[in-house]
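Open the model in your viewer and keep the selection tool at hand. The stops below go from one part of the chain to the next.

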Amino acid sequence: MTKIKHIAWRDGKPRFEPSKTLRNAGHKGKDLRHEDGTWFTEGEALDWSNKLSKKLKRERAAAPKPEKKPKEAHAPVYPLSRLFEDWLASPRILSRADATRKDYAQKARVIENHDPDLWASEPQALDQPICYGLYEDLWAKRGLATARGTLRVLGIALKWGMRTGKIRGLLYNPARDLGMEQLKPRARFLERAELDALVQTAESKEFDRVDMADMFICAVWTGQRQTDRLKLKLSAFRHGLFNVKQQKTGQVVNPPVAPEYQKRLAAAKRRRLKAGKSSDYAHLNEHTWEQWNGYTYRNLFAEIREKAAVKVPSVATIKEKDFRATAVTWLALAGATLPEICAVTGHSLQGAHNILKHYLALHPEMAKTAIGKLVSWYARKGPTAVNF
């Protein structure tokens, strides 16, 4: 999602989020919609933001200028804003995946917008009560996930500053060991009927988006993240396998291509040849014949999900990231071991375990699979003669 000044995106929908300064000046947050209730597009939100920025600039120019006070001599300062600027430009961060860097930068903006005074203060002025106060304030106003993520990133930046000598005199990291609340785990995977509803809705005459249906099948049968799927190239497929280096972790996976997914790839190739199009990417937006971009994909997913939920109401609660958890769960239901699951999806053993432990109680079929395997093993062993 494109970063637009003054605009926050919630499930792909724009909302005006004024800074503390603007709130003090009387501005209030609001959803960006037209009079008929339709949401602004990304371009309309950008135009709205630019118009607001120009208005604010004119108001500042017209405001009476305060008298300038003579500058007082003071020692050079290294504010929190400079720490984040240096940290985000460091090799350690530049080597991370794009999504990770964007997330770190977004968390920095949360601090900047939420507490400009803290943003301008020196890191040495921070202590645990200040950091805990920031955490609780963000929790109350922005939610637990944002509060936890912001304080985690603040702690990482402070640790880097202490190690590199950018921050001196700070004896401990005040953003660590705050006893923050854990997020409730999201235990959600798709049932077969839910996946079928999404695929059939995407392929219906109303949507005519077989390319989106292909992406849903790709998600479940490969277990890859949305970012990696949208950038998946044809060169990744060789000899019935596909090779992917995951953008977020650098993990390399090289599993076989499942027949269900292979049929989709073959059909997509035929449609591409018929249209006279060529591309290095395995999946294209077939209404433009260009590479998918995340913004278009996420908005189409939301529209298809809403329509599919009319026939299968539970579909309404599905999030795009649930496809990846579905791959893990379905592999487990099929009898795959944790190492086998990780070899397909690229999860760490701990990551796959964390997903499955929340699904065990929801799906007794896993226990049936385990007992079935035990029964089969026992039958193959046969009776054993015992000599007395």
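In which helix does Ala-157 lie? Select Ala-157 and you will find it in helix 8. Bear in mind throughout that this is a predicted model.

**Stop 1: Ala-157**

Ala-157 has 0% relative accessibility and so counts as buried. Now show the residues around it. Leaving aside neighbours within four places in sequence, Ala-157 is in contact with Leu-83, Phe-84 and Trp-87. Add Leu-88 to the selection: 69 residues separate Leu-88 from Ala-157 in sequence, yet their C-alpha atoms are 8.5 Å apart in space.

**Stop 2: the whole chain**

Zoom out and colour by secondary structure. The chain has 17 helices and nine strands. Of its 388 residues, 37% are buried. Among contacts between residues at least 6 apart in sequence, 59% join residues at least 24 apart.

**Stop 3: helix 5**

Select residues 98-114, which make up helix 5. This helix has 17 residues and reaches 24 Å from its first C-alpha to its last, close to the 24 Å expected at 1.5 Å a residue. Then pick out its buried residues: Thr-100, Tyr-104, Lys-107, Ala-108, Val-110, Ile-111 and His-114. Looking down the axis of helix 5, you see these buried residues within an arc of 145°, so they line one face of the helix.

What do the buried residues of helix 5 pack against? Their partners are helix 1 (20-24), helix 3 (80-88), helix 4 (91-94), helix 6 (116-120), helix 7 (128-142) and helix 8 (144-164). Helix 8 is where Ala-157 was found at the start of the tour.

**Stop 4: the segment before strand 1**

Move to His-6, in the segment before strand 1. Its phi is near 75°, a positive value in a residue other than glycine. His-6 has a relative accessible area of 15% and is buried.

**Stop 5: strands 1, 2 and 3**

Select strand 1 (7-10) and strand 3 (30-31), then add strand 2 (residues 13-16). The three strands form an open sheet in the order 1-2-3, with antiparallel pairing. Strand 1 and strand 3 stand at the edges and have a single partner strand each, so one side of each is left without a neighbour in the sheet.

Strand 1 and strand 2 pair over four bridges in the antiparallel sense. Across this pairing, Ile-7 stands opposite Phe-16, and Trp-9 stands opposite Pro-14. The two strands form a hairpin with two residues between them, and Asp-11 in the turn has a positive phi of about 55°.

Show the side chains of strand 1. In a regular strand the side chains alternate between the two faces of the sheet. Here Ile-7 and Trp-9 point to one face and are buried, while Ala-8 and Arg-10 point to the other and are not.

Next select helix 2 (residues 42-62), which lies across strand 1, strand 2 and strand 3 and runs at about 155° to strand 1.

**Stop 6: Asn-285 and the loop after it**

Go to Asn-285 in strand 8 (residues 284-285). Is Asn-285 buried or exposed? At 8% relative accessibility it counts as buried, the cut-off being under 20%. A polar atom of the Asn-285 side chain lies 3.0 Å from the backbone nitrogen of His-287. Not counting residues up to four places away in sequence, Asn-285 touches Arg-209, Asp-211, Glu-290, Trp-292 and Thr-296.

Step along to Trp-289, in the loop between strand 8 and strand 9 (290-291). Trp-289 has a positive phi of about 60° although it is not a glycine. With a relative accessible area of 23%, Trp-289 is partly exposed.

**Stop 7: helix 13**

Select Asn-293, which caps the N-terminal end of helix 13: one of its side-chain oxygens lies 3.1 Å from the backbone nitrogen of Tyr-295. Helix 13 itself covers residues 294-311. It has 18 residues and reaches 26 Å from its first C-alpha to its last, close to the 26 Å expected at 1.5 Å a residue.

The buried residues in helix 13 are Gly-294, Tyr-297, Leu-300, Phe-301, Ile-304, Arg-305, Ala-308 and Ala-309. They cover an arc of only 170° around the axis, which puts them on the same side of helix 13. The face turned away from that buried side carries the exposed residues Glu-306 and Val-310.

To finish, display what covers the buried residues of helix 13, including helix 9 (192-203), helix 10 (210-222), helix 11 (226-230) and helix 14 (322-333).

Definitions and conventions
Residues are numbered from 1 along each chain as its sequence is written. This is a predicted model: local features need pLDDT of at least 70, side-chain atom pairs count only at pLDDT 80 or more; totals for chains, interfaces and linings use all residues. Side-chain values use heavy atoms; hydrogens and water are left out. Two strands pair if DSSP finds at least two bridges between them. Contact means heavy atoms within 4.5 Å. Axes are lines fitted to C-alpha atoms, for helices over the stretch in contact, and angles run from 0 to 180 degrees between N-to-C directions. Buried means under 20% relative accessible area, exposed over 50%, partly exposed in between (1.4 Å probe, protein chains only). A polar contact is a pair of N or O atoms within 3.5 Å; within protein, one must be able to donate a hydrogen and the other to accept it, and residues adjacent in sequence count only if both atoms are side-chain atoms. The expected span of a helix is 1.5 Å times one less than its number of residues. The arc is that of the directions from the helix axis to the C-beta atoms.
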